[in-house]
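Got the viewer up and a selection box ready? Let's take a walk through this one, stop by stop.

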Amino acid sequence: MASRASSDAPAGPAPVRVPALPGLGTTWYARGPRYWLRRASGALLWFLVLAFFCYAALELYSGFREQLPSAVRTVWDWAQALASVVALVWGWLVQRRGHREKLQDPPVPEEFRSGKRDEVRRTTWLTLVGRLLVVVAAPVLPAFAAWAVGWCAAAFTVREYPSEVGARRWLETRPAGR
């Protein structure tokens, strides 16, 4: 009879390999300090990008604002401030609703990767079109920037991402050794 350490003993099932998720790697599985460092650094990077976007939006808006008569300028500034507050809340709500919907049917790792690839392909054209629209949208750009800040803040303050939920469910359905 072979001992458990012997090579003659049948090997037990191999553990399932934890899939790597874009932006999180395999840290999502243990959720340790490396996981939280990745999430925090991702959020910090996005908020630096948003800070630059908000700065550019305000600069373009100020260029538009200077062309207005002084009486209209005050009214327009108050309307812009109100629209920005509403847009901030709206961006938050849109992101949270989308997050809840994605949690209902979270993507498995392969679906998530292919979705990200498709998103990157679409983003190239949206970036080119967006450059033209930014100049045209200068009068309402601060409100749009506020919407983006609300959307991002809601995206990074969730307990876990739908991709993590989908990957956990996918791991639970995998038999050991695959």
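One cut-off before we set off: buried means under 20% relative accessible area, exposed means over 50%, and partly exposed is whatever falls in between. Keep in mind, too, that this is a predicted model.

**Stop 1: warm up on Val89.** Select Val89, which you'll find in helix H3. Is Val89 buried, exposed or partly exposed? Its relative accessibility is 44%, so Val89 counts as partly exposed. Now add Ala154 and draw a distance between the two C-alpha atoms: it should read 9.8 Å, although the residues sit 65 apart along the chain.

**Stop 2: the whole chain.** Zoom out and colour by secondary structure. You'll get six helices and zero strands, so to speak an α-α-α-α-α-α run from the N terminus on. Shade by accessibility next, and buried residues come to 25% of the 178 in the chain. If you like contact maps, look at pairs at least 6 apart in sequence: 80% of those contacts join residues at least 24 apart.

**Stop 3: H3 against H5.** Show helix H3 (residues 70-104) together with helix H5 (residues 141-156). How do their axes cross? They come within 7 Å and cross at roughly 30 degrees, which makes H3 roughly parallel to H5. The crossing is right-handed.

Put sticks on the contact residues. On the H3 side, pick from a set including Ala83, Ala87, Leu88, Trp90 and Trp92. On the H5 side, the set includes Pro142, Ala146, Trp147, Val149 and Trp151. Gly91 of H3 and Gly150 of H5 also take part. Colour this contact by class and you get 15 nonpolar, five polar and one charged residues. Arg96 of H3 is in the contact too.

**Stop 4: salt bridges.** Side chains of opposite charge can pair when their charged atoms come close. How many salt bridges does a search of the whole structure find? The count is four, and we'll visit some of them.

Begin with Arg31 and Glu164, whose side chains meet in a salt bridge at 2.9 Å, N to O. Arg31 is in the loop between helix H1 (27-30) and helix H2 (33-65), while Glu164 is in helix H6 (residues 162-173), so this pair ties together parts 133 residues apart in sequence. Check the accessibility of Glu164 while you're there: its relative accessible area is 0%, so Glu164 is buried.

Stay in this area and select Arg159 and Glu160. Their side chains also form a salt bridge, this one at 3.8 Å, N to O. Arg159 counts as exposed at 62% relative accessibility, whereas Glu160 counts as buried at 16%. Now select Arg31, Arg159, Glu160 and Glu164 together: salt bridges that share partners join these four into one network.

**Stop 5: Asp77 and Arg65.** For the last selection, take Asp77 and Arg65. Their salt bridge has its closest N and O atoms 2.7 Å apart. Asp77 belongs to helix H3 and Arg65 to helix H2, with their positions twelve residues apart in the chain, and the pair links distant parts of it. Are these two buried or exposed? Neither one: Asp77 is partly exposed, with a relative accessible area of 23%, and Arg65 is partly exposed as well, at 27%.

Key: Residues numbered from 1 in each chain as written. Predicted model: local features only at pLDDT ≥ 70, side-chain atom pairs only at ≥ 80, totals over all residues. Heavy atoms only, no water. Helix = DSSP H or I, 4+ residues; strand = E, 2+ residues; numbered from the N terminus. Buried < 20%, exposed > 50% of the residue type's maximum accessible area, 1.4 Å probe, protein only. Axes fitted to C-alpha atoms, helices over the stretch in contact; angles between N-to-C directions. Parallel < 35°, antiparallel > 145°, perpendicular 65-115°, else oblique. Left-handed = near helix turned anticlockwise from the far one by under 90°. Contact = heavy atoms within 4.5 Å. Nonpolar A, V, L, I, M, F, W, Y, C, P; charged D, E, K, R; others polar.
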